[in-house]
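Visitor: Could you take a close look at one part of this model with me, and then place it in the rest of the chain? I'd like to follow the packing and the charged pairs.

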Amino acid sequence: MTGHARPAVPAPAPGPAAAEQDPPARPLRRDAVRNHQLVIDAAREVLSEFGTDASMELIASRAGVGVGTVYRRFPNKEALVDEIAGLMLSELTEVARRSLALPDGSGLEAFLRVIGRSLSKHRGYADKLVGHSKTACVEVLRDRITELLVQAQKSGRVAPGVELGDVMALIWGLRGIVETSGAVVPDAWQRQLDIQLAGLRSVAVPQDGPPAVTRAQLRLIGAGGTSPRA
């Protein structure tokens, strides 16, 4: 028996919503990708040396590209600083994740030493580490730090009662040391971290003392309050 072929059903016409959608972004050409990386690398160097007052022209010169190339990728310096601060944040989050695999609860100490070196290396823009556009990434990093803290406490490396807010305050202190003395004594933060770690190991937290900074307060601080951001 010979069947009859069913007529093809035409695809429905796109509705108004579909017609209004933007076309997919075109992938960057190889030279555009290369120039983007050159700008990012140069910006990290220049901002570390001169801070966020450094000009886009200086960044372009260090990258070996025209300043128009920089502005095509980043409409202003704030967007460029936000980009490299986000990269720094992502790198620290990955370090924290890997530190969770270290034995005997030593991951927190290892992570704090890495973050100290990172703050020192990037001291020109370390104060931009947290911005409102990176809120989700910041929360992931704080989750990893909390896990590292719990590991350290279970292994007896950190006293009970120490909270995430205490660790963040320690990091703020390291950043302050780096910003104050980094150009003259770039390793001054290391001695202070050793002292802080010794305190975390041996000193019980007073039950009647002031409370640690809470997670909600950390969010307010990171959103641009007048308190230190980290």
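**Around helix H5**

Guide: The protein chain has ten helices and zero strands (DSSP runs numbered from the N terminus, with H or I over at least four residues for a helix and E over at least two for a strand). This is a predicted model, in which local features need pLDDT of at least 70 and side-chain atom pairs count only at pLDDT 80 or more, while totals for chains, interfaces and linings use all residues. Residues are numbered from 1 along each chain as its sequence is written, and side-chain values use heavy atoms, with hydrogens and water left out.

Let's start with confidence, meaning pLDDT, the predictor's score for each residue from 0 to 100. The chain averages 83, and 81% of the residues score at least 70. Helix H3 has the highest confidence, at a mean of 95, and helix H1 (residues 16-20) the lowest, at 44. Over residues 1-22 pLDDT stays under 50, and the model has zero contacts there beyond four places in sequence (a contact being heavy atoms within 4.5 Å).

Now to helix H5 (77-99), and a neighbour that packs on it. In H3 (residues 56-63), Met-56, Ile-59, Ala-60 and Ala-63 are buried, where buried means under 20% relative accessible area, exposed over 50%, and partly exposed in between (1.4 Å probe, protein chains only). Seen down the axis, these buried residues fall within an arc of 100°, so they line one face of H3; the arc is taken from the directions between the helix axis and the C-beta atoms. They pack against H5, and also against helix H2 (30-50) and helix H4 (67-73). After H3 comes Gly-64, with a positive phi near 80°.

Within H5 itself sits Val-95, which is buried at a relative accessible area of 15%. Leaving out residues up to four places away in sequence, Val-95 touches Phe-111 and Val-114. The C-alpha atoms of Val-95 and Gly-107, twelve residues apart along the chain, are separated by 9.6 Å.

Between H5 and helix H6 (107-121) there is a loop that holds Ser-106. Ser-106 is buried, at 18%, and its side chain reaches the backbone oxygen of Pro-103 at 2.8 Å.

H5 also carries a charged pair: Glu-94 forms a salt bridge with Arg-97, their closest N and O atoms being 2.5 Å apart. A salt bridge here is a side-chain nitrogen of Lys or Arg within 4 Å of a carboxyl oxygen of Asp or Glu. Because they are three residues apart in H5, Glu-94 and Arg-97 are separated by about one helical turn. Both count as partly exposed, Glu-94 at 30% relative accessibility and Arg-97 at 47%.

Similar spacing appears elsewhere. In helix H7 (residues 135-154), Glu-147 and Arg-144 lie three residues apart, about one turn, and their salt bridge has its closest N and O atoms 2.8 Å apart. In helix H8 (residues 164-181), Glu-179 and Arg-175 are four residues apart, again about one helical turn, and bridge at 3.4 Å between the closest N and O atoms. There, Glu-179 is partly exposed at 41%, whereas Arg-175 counts as buried at 13%.

For the whole model, the count comes to 15 salt bridges. Glu-109, Arg-113, Arg-157, Asp-194 and Arg-201 are linked in a network of them.

How values were computed
Polar contact = N/O pair within 3.5 Å; in protein donor to acceptor, adjacent residues only side chain to side chain.
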